[in-house]
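Here are my notes on this one, written so you can follow along with the structure open. Take the points in order and look up each residue as you go.

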Amino acid sequence: MSRNVISGSRKGFEYFGAHLRIVRKPPIIEQSMMKVRMLNMLHEYTISMQQSAIDEAIEKLNMHGYYNSYYDQPIEQYASDNGYTVEEIESGIVELKVIVEEDAVPVDTERERESIASILAVAKKDVRYQLLDTVEWQEPFPIIDLQNGWFIKPVQEEQTPSGRIIHFEPPRAFGSGLHGTTQDCLRLILGEEMSGMRVLDIGTGAGLLSIAAGLSGAAEIQAVDIEDVREEVLYNARLNGVESNVEVRCADALSPEFEIAGTFDWIFINIAANEIKQLSNFVHRHLVDGGRLILSGMVTWNYEDALNVYQEQGYQVKEIHQTDEWVTAYLIKNK
């Protein structure tokens, strides 16, 4: 496989091949999105520095009451046998951002510049300032038309589309709904009748597939993710009236120690081809005979190999969908 390198950073970058997140966020961004939307103004101060000095700089800022600081982790993405691989670039110059909230007391921008410069032992001229428009800063999340009568509607969007709606808080986890793999999975799920069924969603991310299963009638959904996404998944489930149907677990599904009780009528896996292959025996134990399986996150150059593992265990491929290079498959386990 050729190594086609794409340089990037956290801002504006999403990686969907192996459910990998590289994030450096301030608490205000990660923990209080609703609070950010209520603010009138945010003040941003930017300092260029060596990446090796970032952690110490953030620690100093925290000690002086500047808790909302972050930087964009430089990365490289390249095509690999498993789809795409992401590597952090550990050296070089990065931009440290310090966010100061506007409250009842107006912010003295020059005084803040002097303070930050003093804390970091840099010249005041090296602390660059800009006033952020909070709406633009959050990079608006669009209404997504799934082309099947369903729409994904972010909670802050005032416009209401004509159709059936999945209400959604734009996430900090994998599964924003913008990516083709998520949309292909959603179209499959929302076209099925799952009344009274039991569903397992591995790599749930922000919970969209679990929510779609609930909206399709599933009685119980087990949502599993390697990160702790319980709060946001249940929040999104609550927006759609299916919170009581969803249970969220933080676990590594690839770990030999991972186990879950019982069998399921449906299993969703939206990660990457190698992980999909590794999960085949687990899936076989936990999917009922005649059960349905959605596999996604594969790419055109590895999906056949991944599907062969399941076909050798007696699964039939019912549908294959492709968006760009990303492939989603719908399989049925033989009775």
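1. Let's start with a small puzzle: which residue follows helix 3, and is its phi positive or negative? It's Gly65, and its phi is positive, near 90 degrees. Keep in mind that you're looking at a predicted model.

2. Now step back for the overall picture. The protein has eleven helices and 17 strands. Of its 335 residues, 50% are buried. Take the contacts between residues at least 6 apart in sequence: 69% of them join residues at least 24 apart.

3. Back to helix 3, which spans residues 54–63. Its buried residues are worth clicking on: Ile54, Ala57, Ile58 and Leu61. They sit on the same side of helix 3, because they cover an arc of only 95 degrees around the axis. There's a handy rule behind this kind of pattern: an α-helix has 3.6 residues a turn, so residues three or four places apart point the same way.

4. What lies over that buried side? The cover includes strand 2 (42–50), strand 3 (69–71), strand 6 (93–101) and helix 4 (109–120). Turn to the face pointing away from the buried side and you'll find the exposed residues Asp55 and Met63.

5. Keep going along the chain to Asn68, in the loop between helix 3 and strand 3. Is Asn68 buried or exposed? Its relative accessibility is 11%, so Asn68 counts as buried, the cut-off being under 20%. Its side chain has a partner, too: it makes a polar contact with the side chain of Glu101, at 3.5 Å.

6. Next, the sheet. Seven strands form an open sheet in the order 13-12-11-14-15-17-16, and the pairing is mixed. At the edges you'll see strand 13 (246–250) and strand 16 (315–323), each of which pairs on one side only. From one strand to the next, the twist averages 15 degrees.

7. Zoom in on one pair in that sheet. Strand 14 (residues 264–270) and strand 15 (residues 287–299) run parallel, with six bridges joining them. For a landmark, find Asn270, which stands opposite Ser296 in strand 15.

8. Two helices that pack on the sheet deserve a look. Helix 7 (residues 208–215) touches strand 11 (198–202), strand 12 (220–225) and strand 14, and its direction makes about 175 degrees with that of strand 12. Helix 11 (residues 303–311) touches strand 14, strand 15, strand 16 and strand 17 (326–333). The direction of helix 11 makes about 170 degrees with that of strand 15.

9. Helix 8 (residues 230–239) has its own set of buried residues: Glu232, Val233, Leu234, Asn236 and Ala237. These pack against strand 10 (164–168), helix 7 and strand 13. Just after helix 8 comes Gly241, with a positive phi of about 75 degrees.

10. Last, the cysteines. How many disulfides does the structure hold? Zero. As for where to find two cysteines, Cys185 is buried, with a relative accessible area of 1%, while Cys250 is partly exposed at 49%.

Conventions. Residues numbered from 1 in each chain as written. Predicted model: local features only at pLDDT ≥ 70, side-chain atom pairs only at ≥ 80, totals over all residues. Heavy atoms only, no water. Disulfide = S-S within 2.5 Å. Buried < 20%, exposed > 50% of the residue type's maximum accessible area, 1.4 Å probe, protein only. Pairing = 2+ DSSP bridges. Helix = DSSP H or I, 4+ residues; strand = E, 2+ residues; numbered from the N terminus. Axes fitted to C-alpha atoms, helices over the stretch in contact; angles between N-to-C directions. Contact = heavy atoms within 4.5 Å. Arc of directions from axis to C-beta. Polar contact = N/O pair within 3.5 Å; in protein donor to acceptor, adjacent residues only side chain to side chain.
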